[in-house]
Amino acid sequence: MPLVTMTVNGLPATREVEGRTLLVQLLREGLGLTGTHVGCDTGQCGACVVHLDGRPVKACLMLALEAEGANLRTIEGMANPDGSLSPLQQAFRDHHGLQCGFCTPGMIMMAAALLADNPKPDAREVRDHLEGNLCRCTGYQNIVRAILAASGQEPALAET
Amino acid sequence: MYAFELVRPGTVEEAVALLASPDAQALGGGQTLIPALKQRLARPARLVSLSGIAAIKGVTASGGTVTVGGGATHAEVAAAAARTYPALAALAGRIGDPAVRSRGTIGGSLANNDPSACYPAAVLASGATVVTPAREIAADDFFRGMFATALADGEIITAVRFPVPVRAAYMKFVQPASRFALAGVFVAQTPAGVRVAVTGAAEAGVFRWTAAEAALTADFRPESVRGLVPPARGMIGDIHASPEYRAHLVGVMTARAVAAA
Ligand SMILES: Cc1cc2nc3c(=O)[nH]c(=O)nc-3n(C[C@H](O)[C@H](O)[C@H](O)COP(=O)(O)OP(=O)(O)OC[C@H]3O[C@@H](n4cnc5c(N)ncnc54)[C@H](O)[C@@H]3O)c2cc1C
Ligand code: FES
Ligand code: FES
């Protein structure tokens with residue numbers, strides 16, 4: 001079987017995979033990084049979003065071998081180096097941006113990609129950016145509040 | 001998914017050679033093909049990934065022409081064409097969601113020719129040229145009905161050349177669950193006249209709406225198409241919208257595109 005080599009959350013990783021192995025299977029089953037979730041497996045829900053060379057991608061819609069040489073970041077790589085929650089994660093907690101938590105890894109990765117590009121998005125931009133991320137629990141309002149708060153803005157702007 | 005071999009050539013020539021065998025298929029961004037493979041709708045023995053071919057990426061502009069590499073992602077086009085062809089960049093920036101735009105490519109979108117896809121409208125309305133290793137195909141000859149194109153088996157799109165219109169805009173009315181176009185209209189005013197291409201609406205896929213083209217060539221104002229509606233016959237009818245509603249939306253989206261151009 002072919003080998004794939006990449007950097008995941010700053011650490012080198014090499015694994016044997018099949019041609020058909022999905023990136024999300026490699027992360028979850030090959031590397032034990034089960035924080036990246038599979039909600040739909042059809043590209044609709046965004047629970048599997050990770051960063052590939054800094055850009056958000058759906059790990060269920062990408063073959064593992066396509067990540068050869070890439071720099072990947074998953075939810076496991078989002079906390080501060082001392083293990084405490086990053087400001088974005090903390091904001092989700094403070095503003096009740098999660099209930100069951102199933103969509104949360106994808107939401108955090110997608111939101112982090114937005115804030116890296118656009119550090120002070122308005123509520124409309126936050127909602128547009130989350131177009132491909134589904135949440136069955138929160139009704140989204142508190143997710144938008146959390147992201148606005150993490151960007152240093154008034155969470156009540158989510159109502160605008 | 002059935003098992004297959006994945007190969008990642010570095011040049012167009014290698015890709016063409018690898019695609020010569022009948023059970024090989026090109027892989028662009030995989031945003032359409034991977035779900036199809038999961039459903040076992042296709043059974044290639046070999047996937048030839050185009051993602052490692054630097055020569056078919058990127059967007060360049062010169063002398064009134066914007067050339068998009070066949071492997072350029074929607075995100076790349078949204079960023080790189082923002083100044084040189086803003087209507088095209090805006091269209092690319094509204095395909096799917098940010099993750100789909102990170103991977104999906106113009107070549108994959110055109111080769112697939114989904115009747116609800118956005119890019120076919122831009123290509124047809126702009127009068128663009130689709131470039132493959134063997135030939136150049138004019139937009140008017142490229143689209144051959146729902147999910148069908150002029151591409152031969154194994155023929156890959158290496159670039160798309162867009163002559164930049166004087167004014168242009170794309171308006172889509174999205175199906176709220178899938179976010180694909182329920183009706184999308186790309187209007188382009190060129191020195192030779194106005195071209196109007198409609199996606200999402202017709203059973204036969206993207207088409208030029210010549211009645212609106214004539215009215216807008218005479219007078220490029222939203223009022224020129226007020227009350228103008230294409231025939232409902234041949235429009236898609238499904239749980240999301242009836243043929244009559246889609247036809248109505250085409251008129252509304254056309255007027256909005258003219259106003260925005
Ligand atoms: C959630 C979601 C939402 C989406 N929303 C939209 C939307 O709003 N509007 C829209 O237009 N699209 C939408 N899409 C589709 C998206 O734009 C796809 O990227 C596109 O249709 C296919 O491009 P790809 O590069 O991923 O191609 P792939 O999936 O890799 O391939 C598709 C087909 O094209 C062939 N192919 C790939 N590249 C080439 C090439 N260079 N030359 C010749 N053949 C090639 C493949 O063999 C395959 O048959 C959406 C997709 C998803 C998953
Ligand atoms: S699991 Fe990947 S988008 Fe739903
Ligand atoms: S918190 Fe349950 S799906 Fe979003």
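Over all chains of this predicted model, the count comes to 16 salt bridges. Side chains of opposite charge can pair when their charged atoms come close. Several of these pairs are described below, followed by the contact between the chains, the ligand and two loop residues.

Within chain A, the side chains of A:E159 and A:R145 meet in a salt bridge, with 3.3 Å from N to O. A:R145 belongs to helix α5 of chain A (141-150), whereas A:E159 lies in the segment after that helix, so the pair ties together parts that are 14 residues apart in sequence. A:E159 has a relative accessible area of 48% and is therefore partly exposed. A:R145 also counts as partly exposed, because its relative accessibility is 23%, and the lower limit for this class is 20%.

In chain B, a salt bridge joins the side chains of B:E5 and B:R46 at 3.4 Å, N to O. This pair links distant parts of the chain: B:E5 is in strand β1 (residues 5-7) and B:R46 is in strand β3 of chain B, 41 residues apart. Both side chains belong to partly exposed residues, with a relative accessibility of 41% for B:E5 and 22% for B:R46.

A further pair in chain B consists of B:E155 and B:R135, whose side chains meet in a salt bridge of 2.8 Å, N to O. B:E155 is located in the loop between α8 (139-142) and β8 (159-163), and B:R135 in the loop between β6 (129-131) and β7 (136-138) of chain B, so the salt bridge ties together parts that are 20 residues apart in sequence. The partners fall into separate classes of accessibility: B:E155 is buried, with a relative accessible area of 15%, whereas B:R135 is partly exposed, at 35%. B:E155 is classed as buried because its value is under 20%. Elsewhere in chain B, salt bridges link B:D140, B:R195, B:R208 and B:E213 in a network.

The contact between the two chains involves 26 residues of chain B and 22 residues of chain A. The size of an interface is often given as the accessible area lost when the parts come together. Between chain B and chain A, the buried area is about 2,000 Å², and carbon and sulfur atoms give 57% of it. Of the area that chain B buries against chain A, 25% is supplied by B:K38, B:P98 and B:R103, more than by any other three residues.

Charged and polar groups also meet across this interface. The count between chain B and chain A is 4 salt bridges. In one salt bridge between the chains, the side chain of A:E66 meets that of B:R8 at 2.9 Å, N to O. Polar contacts between chain B and chain A number 11 residue pairs, with both residues at pLDDT 80 or more. On the side of chain B that touches chain A, the elements giving two or more residues are α2 (33-38), β3 (46-49) and α5 (98-103) of chain B. Helix α5 of chain B gives the most, with 5 residues. By class, this side of chain B has 13 nonpolar, 8 polar and 5 charged residues.

Ligand 1 lies between chains A and B. It has 31 residues around it, of which B:A26, B:G29, B:G30, B:L33 and B:T105 come nearest. Backbone atoms of chain B approach oxygen atoms of the ligand. A backbone N or O atom of B:G29 lies 2.7 Å from an oxygen atom of ligand 1, and a polar backbone atom of B:G30 is 2.7 Å from an oxygen atom of ligand 1. For B:G108, a backbone N or O atom lies 3.5 Å from an oxygen atom of the ligand.

Two loop residues of chain B differ in how accessible they are. B:S116 lies in the loop between α6 (106-112) and α7 (119-126) of chain B. With a relative accessible area of 16%, B:S116 is buried. Not counting residues up to four places away in sequence, B:S116 touches B:F180, B:A181, B:T199 and B:G200. B:R233, by contrast, is exposed, with a relative accessible area of 81%. Its place is in the loop between α9 (210-218) and α10 (243-260) of chain B. The C-alpha atoms of B:R233 and B:T190 are separated by 29 Å, and these residues are 43 residues apart along the chain.

Notes
Residues are numbered from 1 along each chain as its sequence is written. Chains are lettered from A and ligands numbered from 1 in the order in which they are written. This is a predicted model: local features need pLDDT of at least 70, side-chain atom pairs count only at pLDDT 80 or more; totals for chains, interfaces and linings use all residues. Side-chain values use heavy atoms; hydrogens and water are left out. Contact means heavy atoms within 4.5 Å. Buried area is the accessible area (1.4 Å probe) that two parts lose on being put together, summed over both. A polar contact is a pair of N or O atoms within 3.5 Å; within protein, one must be able to donate a hydrogen and the other to accept it, and residues adjacent in sequence count only if both atoms are side-chain atoms. Helices (H or I, at least four residues) and strands (E, at least two) are DSSP runs, numbered from the N terminus. Ala, Val, Leu, Ile, Met, Phe, Trp, Tyr, Cys and Pro count as nonpolar, Asp, Glu, Lys and Arg as charged, and the others, Gly among them, as polar. Buried means under 20% relative accessible area, exposed over 50%, partly exposed in between (1.4 Å probe, protein chains only). A residue is near a molecule or strand if one of its heavy atoms lies within 4 Å of it.
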